[in-house]
Amino acid sequence: MQNTGTHTTAAPGAATPTPTHCPYCALQCGMNLTPVEGGTVEVSERTDFPVNRGALCGKGRTAPEVLAPDARLTSPLVRSDDGALVPAGWDEALDRIAGNLERTRARYGADALGVFGGGGLTNEKAYALGKFARVVLGTSQIDYNGRFCMSSAAAAGTRAFGLDRGLPFPLEDIPRTGCVILVGSNPAETMPPSLRYFTELRENGGTLIVVDPRRTKTAEQADLHLAPRPGTDLALALGMLHLVVAEGRVDAAYVEERTSGWEEARAAAMAHWPEHVERITGVSVPELREAVRLFCAPEAAMVLTARGPEQQAKGTDTVGAWINLCLATGRAGRPLSGYGCLTGQGNGQGGREHGQKADQLPGYRKLTDPAARRHVAEVWGVDPDALPGPGRSAYELLDALGTDVRSLLVMGSNPVVSAPRAAHVEGRLRSLDFLAVCDVVLSETAELADVVLPVTQWAEETGTTTSLEGRVLLRRRAITPPDGVRGDLDVLHGLAGRLGVEKGFPTGPEEVFEELRRASAGGPADYSGIDYRRLAEENGVFWPCPAQPASDDTHTADTGTGTGSGTGNSTATGAGSGGGTGHRAVPHPGTPRLFLDRFATEDGRARFVPVTHRPSAEEPDDEYPVLLTTGRVVAQYQSGAQTRRVAELNAAAPGPFVELHPRLAARLGAAEGDPLAVVSRRGRAVAPARITTGIRPDTVFMPFHWPGEGRANTLTNPALDPTSRMPEFKVCAVRVETVTS
Ligand SMILES: Nc1nc2c(c(=O)[nH]1)N[C@H]1C(S)=C(S)[C@@H](COP(=O)(O)OP(=O)(O)OC[C@H]3O[C@@H](n4cnc5c(=O)[nH]c(N)nc54)[C@H](O)[C@@H]3O)O[C@H]1N2
Ligand SMILES: Nc1nc2c(c(=O)[nH]1)N[C@H]1C(S)=C(S)[C@@H](COP(=O)(O)OP(=O)(O)OC[C@H]3O[C@@H](n4cnc5c(=O)[nH]c(N)nc54)[C@H](O)[C@@H]3O)O[C@H]1N2
Ligand code: SF4
Ligand SMILES: [Mo]
């Protein structure tokens with residue numbers, strides 16, 4: 001995990017390394033980059049960044065390989081008359097895109113234009129993309145891959161606390177709390193350098209509970225591993241809450257003082273008897289009791305969720321049930337206690353705050369809120385009435401391609417591999433009148449495009465990301481990009497100009513950030529007090545961070561954003577500054593810890609939501625008797641578009657597999673490595689068997705990083721959560737068969 005080997009040591013006498021952050025996950029590990037021959041960089045340790053203290057996983061360490069010209073796109077490509085993608089100049093490529101978008105709009109209207117963004121884009125790009133869709137294209141049809149990521153946790157957090165920031169406290173609090181329940185989260189593989197926080201927790205005498213149908217590398221570190229049937233976390237959390245009540249462990253004073261809605265939530269939990277929960281989840285009553293005991297014994301405790309409980313058609317209610325457990329026991333908005341979501345993508349947090357989500361405006365404002373529309377329209381210099389309303393969610397948008405939505409621009413996602421019911425989505429993409437893709441590599445989605453634009457990568461450009469802690473960070477340019485490649489901001493600038501909008505799409509990231517600051521001012525995710533200079537000096541700043549001089553509009557505070565929150569969501573007390581927010585000249589310190597004084601709801605109280613268990617959208621039956629769940633392996637990232645181009649990572653994780661229990665394997669007559677066909681109502685995928693006692697016998701697991709025959713998403717169910725519109729990636733019914741060749 002540490003830096004070793006060829007990518008690590010800076011050449012003697014080489015230029016001063018540039019401190020920056022990893023291109024991949026939301027941990028946003030700090031690293032130093034030094035240019036080397038061949039247009040790439042060497043990664044070396046950056047110990048001054050506290051989150052990873054120099055440690056990197058193999059993906060971060062090998063990221064420079066994707067900078068090499070043979071791994072990536074270096075020229076725009078356009079579809080020729082005979083159907084091949086051929087190199088073209090930038091003007092020709094941009095003209096083609098603008099011309100096609102214009103034609104679609106003239107023929108079918110603005111809402112026939114779609115935009116699909118990504119949580120890996122910097123804040124500046126995400127902001128510019130949302131503005132481009134609404135101001136230049138005039139379409140409501142924009143959403144992004146983050147919908148597939150943390151949207152259920154975001155919806156539940158907003159509902160309960162009035163604000164969604166993945167972690168309401170920094171990671172450094174974890175080792176000092178008493179107990180952490182990690183629900184459907186496998187940081188040993190998905191954020192390896194973060195594992196030390198959990199190791200230190202245990203070294204300090206705290207306990208770790210892991211809830212996962214598989215005995216993962218993370219579960220192996222736990223004091224208690226609960227292995228529920230996929231899709232039953234909601235029942236599990238309710239069963240724990242039932243026991244909390246039955247055993248007299250409710251923190252009545254806290255519930256009275258800081259929450260609302262307890263009676264209804266209590267009644268809902270009391271309907272979930274532990275014995276009943278045992279039948280639903282497969283987790284025994286003694287295990288449930290032990291989990292409650294470990295969670296309630298110490299003074300402070302945390303629940304952290306990731307994609308396991310969230311990527312369900314009841315993900316919002318499931319997270320809500322875990323939040324209820326925290327609230328009933330007084331474990332939210334207090335030091336070293338709280339609920340948090342471990343956001344996934346590099347800018348998974350910032351990417352959801354600044355306007356590429358179907359229902360949002362920058363600063364985490366609601367598109368349906370008149371005051372928010374007025375504020376942002378003024379920053380953009382447009383009439384508020386000209387801003388479109390909310391559009392479709394990610395899967396619904398992909399499902400509408402070729403029918404209502406005729407032309408699509410993709411920036412920062414590879415849905416051919418990562419979308420649920422992927423064969424159908426691939427078909428919808430093929431049925432478009434026109435598809436343009438901006439990417440660093442020729443992804444499976446780019447392969448279908450009419451025009452592909454090659455863009456710059458992390459080491460070649462400056463921009464900000466917001467990590468899973470809510471810490472806004474500066475990524476710095478360390479090398480010059482190769483000829484033929486341009487930044488996403490240049491692309492948007494070039495397209496806007498061709499579509500008649502000459503102003504408002506600068507190509508310089510700092511200029512975009514300055515506008516983002518103004519657009520976010522007064523919103524829930526207020527960045528107005530943050531600038532590049534501070535970011536360069538301070539190792540990041542936690543939002544909300546309002547601009548201090550009382551002269552501008554940030555102190556009119558709540559603009560009525562419709563989330564029931566405003567800048568009043570928190571004070572700076574957690575910043576270790578002694579709560580000093582008042583002085584004009586002193587910049588706001590940022591807000592590492594939220595909710596310590598009050599929650600971001602209108603009355604300052606956290607809201608219990610009464611939730612009840614329900615089955616998954618698809619339960620096993622005679623035809624499809626096994627449950628499929630999906631997820632990640634340490635050496636590949638997401639759709640694999642980037643990491644499948646790195647030799648070392650491919651050697652470590654060469655392809656998909658089907659993880660299954662020896663008992664299921666014996667029933668099928670399958671041996672290790674035998675090809676298995678996994679069949680769902682959506683399709684069939686084939687991959688070799690990987691037999692392990694670390695998985696429930698009623699469940700198989702497939703990682704989703706690969707296209708082709710072993711594509712897990714050929715099988716997954718696009719059943720959507722009614723609130724977050726999150727698809728049910730984590731559970732569907734399948735049949736498993738041996739393949740006779
Ligand atoms: N190596 C690597 N790291 C990554 C990524 C990557 O692709 N590769 N992607 C990044 C991104 S965007 C994200 S979102 C994060 C995701 O990070 P994680 O959420 O940690 O990753 P997953 O593997 O999707 O899911 C976590 C666990 O949920 C379990 N699980 C499956 N079904 C259920 C269920 O019904 N209930 C419960 N409780 N658990 C269940 C799986 O067995 C799995 O171990 O990782 C980030 N880091
Ligand atoms: N079955 C199953 N499916 C899943 C999940 C699961 O757990 N199970 N998890 C879901 C989750 S949590 C997520 S986040 C999604 C992710 O799924 P995808 O959106 O497909 O994720 P990536 O592979 O990261 O795709 C990013 C693409 O953008 C490109 N790219 C990288 N940086 C930039 C940039 O700065 N600009 C541009 N223009 N392009 C860039 C990359 O090369 C890549 O092609 O997958 C979801 N799909
Ligand atoms: S854990 Fe995430 S941010 Fe850190 S090096 Fe690995 S991929 Fe990069
Ligand atoms: Mo994600």
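Buried means under 20% relative accessible area and exposed means over 50%, with partly exposed in between. These cut-offs are a handy companion for a walk through this structure, which is a predicted model. Glutamate 538, for instance, has a relative accessible area of 35%, so this residue counts as partly exposed.

Glutamate 538 also makes a good starting point for the charged pairs. Its side chain meets that of arginine 534 in a salt bridge, with a distance of 2.9 Å from N to O. Both residues belong to helix α20, which spans residues 532–538, and their spacing of 4 residues corresponds to about one helical turn. The two partners differ in their surroundings: glutamate 538 is partly exposed, whereas arginine 534, at a relative accessible area of 5%, is buried. Elsewhere, salt bridges with shared partners link Glu172, Asp173, Arg176 and Arg593 into one network. In total, the structure holds 42 salt bridges.

A second pair within a helix is found in α11, which covers residues 285–296. Here arginine 293 forms a salt bridge with glutamate 290, and the closest N and O atoms are 3.0 Å apart. The two residues are separated by 3 positions along the chain, about one turn of the helix. Arginine 293 is partly exposed, with a relative accessibility of 40%. Glutamate 290 is likewise partly exposed, at 27%.

Another salt bridge joins aspartate 48 to arginine 46, where the closest N and O atoms lie 2.9 Å apart. Aspartate 48 is partly exposed, and its relative accessible area is 47%. For arginine 46 the corresponding value is 6%, so this residue is buried. This salt bridge therefore pairs a partly exposed acidic residue with a buried arginine.

Attention now turns from charged pairs to the packing of a helix. Helix α9 runs over residues 262–270, and Trp262, Ala265, Ala268 and Ala269 are buried in this helix. Viewed down the axis of α9, the buried residues fall within an arc of 130°, which means that they line one face of the helix. What lies over these buried residues? The cover includes the helices α7 (233–246), α8 (252–258) and α13 (315–328), together with the strand β11 (259–260).

Methods:
Residues numbered from 1 in each chain as written. Chains lettered and ligands numbered in written order. Predicted model: local features only at pLDDT ≥ 70, side-chain atom pairs only at ≥ 80, totals over all residues. Heavy atoms only, no water. Salt bridge = Lys/Arg side-chain N within 4 Å of Asp/Glu carboxyl O. Buried < 20%, exposed > 50% of the residue type's maximum accessible area, 1.4 Å probe, protein only. Arc of directions from axis to C-beta. Contact = heavy atoms within 4.5 Å.
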